[in-house]
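Reader: I keep meeting labels such as buried or edge-to-face. Can you show me how each one is earned?

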Amino acid sequence: MKNIIIHCSASPNGRDDRASDIHRWHKERGYDGIGYHHVVCVDGVIENGRPEYWTGAHARGCNTDSIGVCLIGTDSFSDKQWDGLEWLIQDLLIKHENAKVIGHNEISSKTCPGFNVQDWLKTL
């Protein structure tokens, strides 16, 4: 795995959306289902999206060699989400030790995930 790409759901900050909501939204847009592999909910719960062995649908041109992680919200995340994200990233890096953790905004013109991932990583 080359990259672990962090995204945001672009839904209102603090709203209790879940992986099942993203799955529905993506189906409504014509995708096969949720494009992310993991979702970090507002309450810090980490929900699975598509299995890691399935190619994601979250970062055009980078899906075949990456894992997509999505934080619920746009640019303001709960303390429980930050804790969950930290735990998830550490776990993923154990499984995929050579992967680079990046924000979606590092490979596209999007503002997603709403924060600077490289600065955040320095705080861990």
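Author: Start with exposure. Buried means under 20% relative accessible area, exposed means over 50%, and partly exposed lies in between (1.4 Å probe, protein chains only). This is a predicted model, where local features need pLDDT of at least 70 and side-chain atom pairs count only at pLDDT 80 or more, while totals for chains, interfaces and linings use all residues. Residues are numbered from 1 along each chain as its sequence is written, and side-chain values use heavy atoms, with hydrogens and water left out.

Reader: Why is Trp82 called partly exposed?

Author: Its relative accessible area is 24%. That value lies between 20% and 50%, so Trp82 is partly exposed.

Reader: What makes Phe77 buried?

Author: Phe77 has a relative accessible area of 10%. The limit is under 20%, so Phe77 counts as buried.

Reader: Why do Phe77 and Trp82 form an aromatic pair that is edge-to-face?

Author: Rings of Phe, Tyr and Trp (its six-membered ring) pair if their centres lie within 6.5 Å; planes under 30 degrees apart are stacked, over 60 edge-to-face, and the rest tilted. Phe77 and Trp82 are 5.6 Å apart, centre to centre, with 90 degrees between the planes. Both tests are met, so the pair is edge-to-face.

Reader: What makes Phe77 and Phe115 edge-to-face?

Author: Their centres are 6.0 Å apart, and the planes differ by 75 degrees. That is within 6.5 Å and over 60 degrees, so the label holds. Both residues are buried. Phe77, Trp82, Phe115 and Trp120 form one aromatic cluster.

Reader: How do you know that Arg15 and Asp17 meet in a salt bridge?

Author: A salt bridge needs a side-chain nitrogen of Lys or Arg within 4 Å of a carboxyl oxygen of Asp or Glu. Here the N to O distance is 3.0 Å. That is within 4 Å, so the pair qualifies. Asp17 is buried at 6% relative accessibility. Arg15 is partly exposed at 37%.

Reader: Which salt bridges involve Lys95?

Author: Lys95 meets Glu52 at 3.7 Å, N to O. Lys95 lies in helix H2 and Glu52 in the loop between strands S3 (46-48) and S4, so the pair ties together parts 43 residues apart in sequence. Helices (H or I, at least four residues) and strands (E, at least two) are DSSP runs, numbered from the N terminus. Lys95 also meets Asp91, at 3.6 Å. Asp91 and Lys95 both lie in helix H2, 4 residues apart.
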